[in-house]
Amino acid sequence: MTTVAQRPGALSVWWAGARPRTLGAGLVPVVLGSAAAGEVIWWRVTAALLVGAGLQVGVNYANDYFDGVRGVDTHERLGPPRLTASGAASPRAVLVAALVALGFAAVAGLALALATEPLLILFVGALALVAALLYSGGPRPYAGLGLGEVMVFAFFGLMATCGTAFVMVETVPAEAWWGGAALGFLAVAILVANNLRDIPTDEASGKRTLAVRIGDRASRRLYRATVIAAFATIAVGVLVDIAIEGAGLPQWALLGLAAWVLAIRPMEVVGSATGRALVPVLTGTAATHAALGLLTALGLVLATVDQSSGAVKLALMLGRGL
């Protein structure tokens, strides 16, 4: 089998294999978590971004490798071409790429652990690395047990957002929990849309994702429910804060609801689309995820400015780590 390093356009093939459209799932929670913390230490933000990117790319390469060698990915798969299954790279090369990406995440995470709470951060980081490898790897991959959505909500929603806030201020503000839950629901929606598209091939290969287990119609309903839950989380968080100050999200966080404009089309298409026609659902949900996270983060920054001496407080917030 010819490796990608021996073929023209090797870098572009590896870049495509990293599935760059999914990177927002690892990076946006870092932005939102930093905003929720109310203080920014720039080197820690950079390290957290490396952790998020490394985990996301590592998961993508690891899934490529494990699904390729197990025969889950075949020429009938409708998603983006996989490096292992397509022969664009050897299984060994893809596995090494996954371990390198996860290694970068581990080194950046170690730096954050040493600067904050070593035992806690190292424990959470180890869980994230194990979860990345066991999604499609190990004797019983949990993606095939219907648990992928639960893990995505936990790691790419709550843990990513709350973890970022923690390494900034060594506590987890209420805003991080609410924001992390909202992003977690949309990360689940991305996975549900992906698995909905792959039901025929996953079922044929014996990979029993949640979508395979509950079926096509229920998966479409689950997708819509998770998207609605993400926006409802922002709204409820604001209402909670009005009732109990400091327990929810500031009213400025309602900016995140503007991302609903991007959710309308995917919500319509998912009703009847099949196969490749579901691709706009995936891309649209990823865009919705990014928009909701970034707009909510902007709202949290504006709330911080609004509650204090405006530009002076913002300057202190952004300049602490310089």
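In which helix does valine 13 lie? In this predicted model, valine 13 belongs to helix α1, which covers residues 10-17. The residue counts as partly exposed, because its relative accessibility of 26% falls between the limits that separate buried from exposed residues, namely under 20% and over 50%. Although 75 residues separate valine 13 from alanine 88 along the sequence, the C-alpha atoms of valine 13 and alanine 88 are 7.6 Å apart in space.

A second valine, at position 96, is found in helix α5, a helix that runs over residues 91-115. Valine 96 is likewise assigned to the partly exposed class, with a relative accessible area of 42%. Together with Val100 and Phe104, Val96 makes a nonpolar patch on the surface, the area of which is about 290 Å².

Attention was also given to open space in the model. Empty space is revealed when a probe the size of a water molecule is rolled over the atoms. The second largest pocket holds about 350 Å³ of space, and its lining is made up of 17 residues, among which Glu175, Asp241, Pro250, Ala303 and Gln307 lie nearest the centre of the pocket. At least two residues of this lining are supplied by each of three helices, α2 (24-37), α11 (216-243) and α13 (279-306). In terms of residue character, the lining of the second largest pocket comprises 8 nonpolar, 6 polar and 3 charged residues.

Conventions: Residues are numbered from 1 along each chain as its sequence is written. This is a predicted model: local features need pLDDT of at least 70, side-chain atom pairs count only at pLDDT 80 or more; totals for chains, interfaces and linings use all residues. Side-chain values use heavy atoms; hydrogens and water are left out. Patches are made of residues with over 30% relative accessible area and no salt bridge: like charges are joined within 9 Å, nonpolar side chains (Val, Leu, Ile, Met, Phe, Trp, Tyr) within 5 Å. Accessible areas come from the Shrake-Rupley method with a 1.4 Å probe; for residues, only the protein chains shown count as cover. A salt bridge is a side-chain nitrogen of Lys or Arg within 4 Å of a carboxyl oxygen of Asp or Glu. Helices (H or I, at least four residues) and strands (E, at least two) are DSSP runs, numbered from the N terminus. Buried means under 20% relative accessible area, exposed over 50%, partly exposed in between (1.4 Å probe, protein chains only). On a 1 Å grid over the protein atoms alone, a cavity is a set of points where a 1.4 Å probe fits but cannot get out, and a pocket is an open set with protein on both sides within 12 Å along at least five of seven lines; lining residues have an atom within 4 Å of a point. Grid points are joined across faces, edges and corners, and a volume is the space filled by probe spheres set on the points. Ala, Val, Leu, Ile, Met, Phe, Trp, Tyr, Cys and Pro count as nonpolar, Asp, Glu, Lys and Arg as charged, and the others, Gly among them, as polar.
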